[in-house]
Amino acid sequence: MGILATGDATGVLSGLANLKSLVFGIIGIVGVIYLGFGISDFATALSDRDSSSMKSAGYKIAGGLVMSLAGGIVTLLGVVG
């Protein structure tokens with residue numbers, strides 16, 4: 001015998017939306033911190049004229065930007081409404 005679910009699901013959906021906002025907020029904060037470390041590493045590598053460290057710092061900067069803009073990117077792609 002099956003269980004029939006009737007009623008309003010807005011409570012569940014709003015809870016999931018809040019969870020999504022929380023997760024993307026945390027990812028954004030970590031991304032901004034990572035971006036700051038990348039900029040700091042790039043400045044250090046630039047003063048030392050170390051090309052391999054500059055490349056690594058560039059990847060950190062790019063990763064930090066992607067992480068900090070993750071919510072907007074996912075919404076722009078239409079993956080999450």
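Ile61 sits in helix α2, which covers residues 51–68; helices here are DSSP runs of H or I with at least four residues, strands are runs of E with at least two, and both are numbered from the N terminus. With a relative accessibility of 22%, Ile61 comes out as partly exposed, given that buried means under 20% relative accessible area, exposed over 50% and partly exposed in between, using a 1.4 Å probe and protein chains only. Setting aside residues up to four places away in sequence, Ile61 touches Leu35, Gly38, Ile39 and Phe42, where a contact is a pair of heavy atoms within 4.5 Å. The C-alpha atom of Ile61 is also 9.6 Å from that of Ser40, a residue 21 positions away along the chain.

A word on the ground rules. The model is predicted, so local features need pLDDT of at least 70 and side-chain atom pairs count only at pLDDT 80 or more, while totals for chains, interfaces and linings use all residues. Residues are numbered from 1 along each chain as its sequence is written, and side-chain values use heavy atoms, with hydrogens and water left out.

On confidence, the protein averages a pLDDT of 87, and 88% of the residues score at least 70; pLDDT is the predictor's confidence in each residue, from 0 to 100. Among the elements, α2 has the highest mean, 95, and helix α3 (residues 70–77) the lowest, 84.

The overall layout is easy to state: 3 helices and 0 strands, running α-α-α from the N terminus on. Of the 81 residues, 10% count as buried. Among contacts with a separation of 6 or more, 59% come from residues 24 or more positions apart. The exposed area is about 6100 Å², with carbon and sulfur atoms supplying 71% of it; accessible areas come from the Shrake-Rupley method with a 1.4 Å probe, and for residues only the protein chains shown count as cover.

Helix α1 takes up residues 10–48. At 1.5 Å a residue, its 39 residues should span 57 Å, and the end C-alpha atoms are 56 Å apart, which agrees; the expected span is 1.5 Å times one less than the number of residues. The buried residues of α1 are Gly28, Gly31, Leu35, Gly38 and Ala45, and what covers them includes α2. An α-helix has 3.6 residues a turn, so residues three or four places apart point the same way.

Gly31 makes a good example from this set. Gly31 belongs to α1 and is buried, at 0% relative accessibility. Leaving aside neighbours within four places in sequence, Gly31 is in contact with Gly64, Met67 and Ser68. The C-alpha atoms of Gly31 and Leu65 are 6.5 Å apart, although 34 residues separate the two in sequence.

Helix α1 also has an exposed nonpolar side to report. Val12, Leu13, Leu16, Leu19, Leu22, Val23, Ile26, Ile27 and Val30 make a nonpolar surface patch of about 800 Å². Patches are built from residues with over 30% relative accessible area and no salt bridge, joining like charges within 9 Å and nonpolar side chains (Val, Leu, Ile, Met, Phe, Trp, Tyr) within 5 Å. One of the patch residues, Leu13, is exposed, with a relative accessible area of 55%.

The structure holds 1 salt bridge, the term meaning a side-chain nitrogen of Lys or Arg within 4 Å of a carboxyl oxygen of Asp or Glu. The partners are Asp41 and Lys60, whose closest N and O atoms are 2.5 Å apart. Asp41 is in helix α1 and Lys60 in helix α2, so the pair ties together parts that are 19 residues apart in sequence. Both ends are partly exposed: Asp41 has a relative accessible area of 30%, and Lys60 comes in at 24%.

Finally, the link between the helices. Arg49 lies in the loop between α1 and α2, just after α1, and takes a positive phi of about 55°. Most residues other than glycine have a negative phi. Arg49 is exposed, with a relative accessible area of 74%.
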